[in-house]
Amino acid sequence: MKTIIEHFSDGRLTSAYFSLQAESMTSHIMPTYGRLPVTFERGSGVWLWDTDNKRYLDALAGIAVCNLGHAHPAVHRAICKQSETLVHTSNVYGIAAQESLADRLIDKSGMDNVFFSNSGAEANEAAIKLARLYGHQRHIENPAIIVMEKSFHGRTLATLSATGNPKVQQGFAPLVEGFVRVPYNDIDAIEQAIGQHGNIVAILVEPVQGEGGVNIPASDYLNRIRNLCDQYNLLMMLDEIQTGIGRTGKFLAYQHNSIVPDVCTLAKALGNGVPIGACLAHGKAAQLFSAGSHGSTFGGNPLACSAALAVLATLDHENLIEQVEQKGTAIHDGFAKQLGDNPHVVDIRHKGLMIGIELDAPCAELVKSALQQGLLINVTSEKTIRLLPPLIIDDQQINQLVETLSALIQEHTRLCL
Ligand SMILES: Cc1ncc(COP(=O)(O)O)c(C=O)c1O
């Protein structure tokens with residue numbers, strides 16, 4: 001078994017490695033991912049190139065991660081500059097970049113303080129711990145959190161227990177207790193659950209469900225949850241890991257509703273690919289953690305925070321968030337025009353640049369046919385094509401995306417459905 005992977009001095013893997021891949025060598029990576037038969041070597045803006053130098057339009061951005069596109073010069077510069085002086089120090093010391101990033105996030109969100117993690121699941125773990133502390137403070141012995149059907153909150157034990165997808169939970173019993181599940185976009189169900197269970201302390205919800213199928217709730221859904229949380233003294237906890245950092249046309253999706261939650265979690269696009277997550281708290285929720293109640297070795301280290309600071313600065317300098325709604329609408333309208341007559345297209349929906357095209361039958365094969373055409377897409381919840389393009393996508397690239405994918409969908413529905 002040939003396992004030696006040499007590096008050139010500029011850090012690029014040798015082509016020998018890629019030819020080994022082509023020979024389908026045995027991988028020593030645990031098989032947790034159903035991987036597509038492609039390996040990318042480099043990227044620029046919305047484009048990726050594979051090891052055969054074939055170019056792809058990336059309409060997924062690493063699943064809502066590379067909102068500024070690939071190899072953005074500002075992020076590149078920030079990482080290089082920071083790594084010249086300090087990549088990491090422990091959280092037992094002050095970290096200047098972490099303080100600056102917390103200031104910027106508070107400024108942009110209206111929240112009060114931040115805990116930094118390395119991923120979305122960890123940010124949600126922090127939120128779940130805050131809810132438990134809040135419950136115990138209120139002398140509730142077994143505090144429970146209301147969570148939604150079809151939700152996705154991560155793969156750690158607590159977050160997969162919160163997730164509303166049996167496939168994610170299968171084989172991992174016993175699950176973490178303390179979650180009460182209700183249908184998404186159903187305020188009456190939430191109110192009923194609060195009445196039935198005397199131990200509810202928080203509601204955890206995505207402003208738009210991503211993995212669940214790009215499910216967009218009623219426009220006043222979050223306002224009504226805010227009201228219920230105020231009425232029953234619960235924490236309103238928003239998982240903005242996919243919707244945050246400009247994806248829906250506001251820096252955070254709750255800003256469409258002019259409310260402030262008690263807890264909000266971020267990750268994905270915060271570092272544009274450099275791993276960083278954040279759990280933001282407001283008001284009473286901001287007073288719950290104390291020294292020793294939570295922690296992370298890497299969370300908020302100088303390298304990750306420098307990348308995130310560059311992301312936030314670039315979003316502002318390039319006015320990217322202001323353009324999201326117009327771009328999302330252009331994509332939506334383009335598909336509506338091309339696919340409006342197709343009886344197998346059940347719905348085309350979007351919130352900013354979070355776009356879902358729902359078909360009337362499972363369509364996962366479309367991912368492979370799009371790949372062959374040099375287009376990266378995703379199918380979630382079996383029947384919904386999900387698009388999460390970088391926010392920098394331009395008009396010409398939007399046209400290419402709409403034309404290529406519409407043709408693929410027409411062909412797919414003609415041949416397969
Ligand atoms: C809404 C939401 N929450 C949490 C997560 C988990 O984030 P991570 O994979 O960084 O742990 C995801 C990832 O897809 C997500 O979309």
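In this predicted model, helix 4 and helix 10 cross each other in the left-handed sense. Helix 4 covers residues 96–109 and helix 10 covers residues 302–317, and the two pack at an angle of about 35 degrees with their axes 8 Å apart. On the side of helix 4 the contact is made by Ala97, Gln98, Ser100, Leu101, Arg104, Leu105 and Lys108, while helix 10 brings Pro302, Cys305, Ser306, Ala308, Leu309, Leu312 and Asp316. Sorted by class, the residues of this contact of helix 4 with helix 10 are 8 nonpolar, 3 polar and 3 charged.

A further helix pair is formed by helix 11 and helix 13 (residues 395–416), whose axes come within 10 Å and cross at roughly 30 degrees. Here the crossing is right-handed. Helix 11 contributes Gln326, Lys327, Ala330, Ile331, Gly334, Phe335, Gln338 and Leu339 to the contact, and helix 13 contributes Asp395, Ile398, Leu401, Val402, Glu403, Leu405, Ser406, Ile409 and Gln410. In this contact of helix 11 with helix 13 there are 9 nonpolar, 5 polar and 3 charged residues. The two helix pairs are set side by side in the table.

| Helix pair | Crossing angle | Axes |
|---|---|---|
| Helix 4 and helix 10 | about 35 degrees | 8 Å apart |
| Helix 11 and helix 13 | roughly 30 degrees | within 10 Å |

Helix 11 also leads to one of the sheets, since helix 11 (residues 320–339) lies across strand 11, strand 12 and strand 15 (384–387), and runs at about 170 degrees to strand 11. These strands belong to an open sheet of 4 strands, ordered 11-12-15-14, in which the pairing is antiparallel. Strand 11 (345–351) and strand 14 (378–380) are the edge strands, each pairing on one side only, and from one strand to the next the twist averages 25 degrees. Strand 11 and strand 12 (residues 354–359) run antiparallel and are joined by 6 bridges, and Lys351 has Met354 of strand 12 as its bridge partner.

Another open sheet of 4 strands has the order 1-2-3-13, and its pairing is mixed. The edges of this sheet are strand 1 (40–44) and strand 13 (375–376), each of which pairs on one side only. Strand 1 and strand 2 pair in the antiparallel sense over 4 bridges, and the bridge partner of Phe40 is Asp50 in strand 2. The same two strands form a hairpin with 2 residues between them, and Gly45, in the turn, has a positive phi of about 60 degrees. Strand 2 (residues 47–50) is in turn paired with strand 3 (residues 55–58), again in the antiparallel sense and over 3 bridges, with Leu48 having Tyr56 of strand 3 as its bridge partner.

The interior can be followed through its nonpolar residues. The largest nonpolar core has 84 residues, and Leu105, Ile190, Leu315, Phe335, Ile357, Ile385 and Leu387 are the members that touch the most other members. Helix 10 gives the most to this core, with 7 residues. A second, separate core has 24 residues, including Ala158, Cys279, Ala281 and Leu288. Phe335 of the largest core also takes part in the contact between helix 11 and helix 13, and, apart from neighbours within four places in sequence, Phe335 is in contact with Gly340, Ile348, Ile357, Leu387, Leu401, Val402, Leu405 and Ser406.

Two loop residues complete the picture. His153 has its place in the loop between strand 5 (144–148) and helix 6 (157–162), and His153 counts as buried because its relative accessible area is 2%, which is under the 20% limit. When neighbours within four places in sequence are left aside, the contacts of His153 are Ala121, Asn124, Thr159, Ala162, Thr163, Leu204, Glu206 and Asp239. Of these, Asp239 is 86 residues from His153 along the chain, yet the C-alpha atoms of the two are separated by 7.4 Å.

Asn257 lies in the loop between strand 8 (235–239) and strand 9 (263–266). Asn257 is likewise counted as buried, because its relative accessibility is 12%. Beyond its neighbours within four places in sequence, Asn257 is in contact with Ser219, Asp220, Leu222 and Asn223.

How values were computed:
Residues numbered from 1 in each chain as written. Predicted model: local features only at pLDDT ≥ 70, side-chain atom pairs only at ≥ 80, totals over all residues. Heavy atoms only, no water. Axes fitted to C-alpha atoms, helices over the stretch in contact; angles between N-to-C directions. Left-handed = near helix turned anticlockwise from the far one by under 90°. Contact = heavy atoms within 4.5 Å. Nonpolar A, V, L, I, M, F, W, Y, C, P; charged D, E, K, R; others polar. Pairing = 2+ DSSP bridges. Buried < 20%, exposed > 50% of the residue type's maximum accessible area, 1.4 Å probe, protein only. Core = buried A, V, L, I, M, F, W, Y, C linked by side-chain atoms within 4.5 Å.
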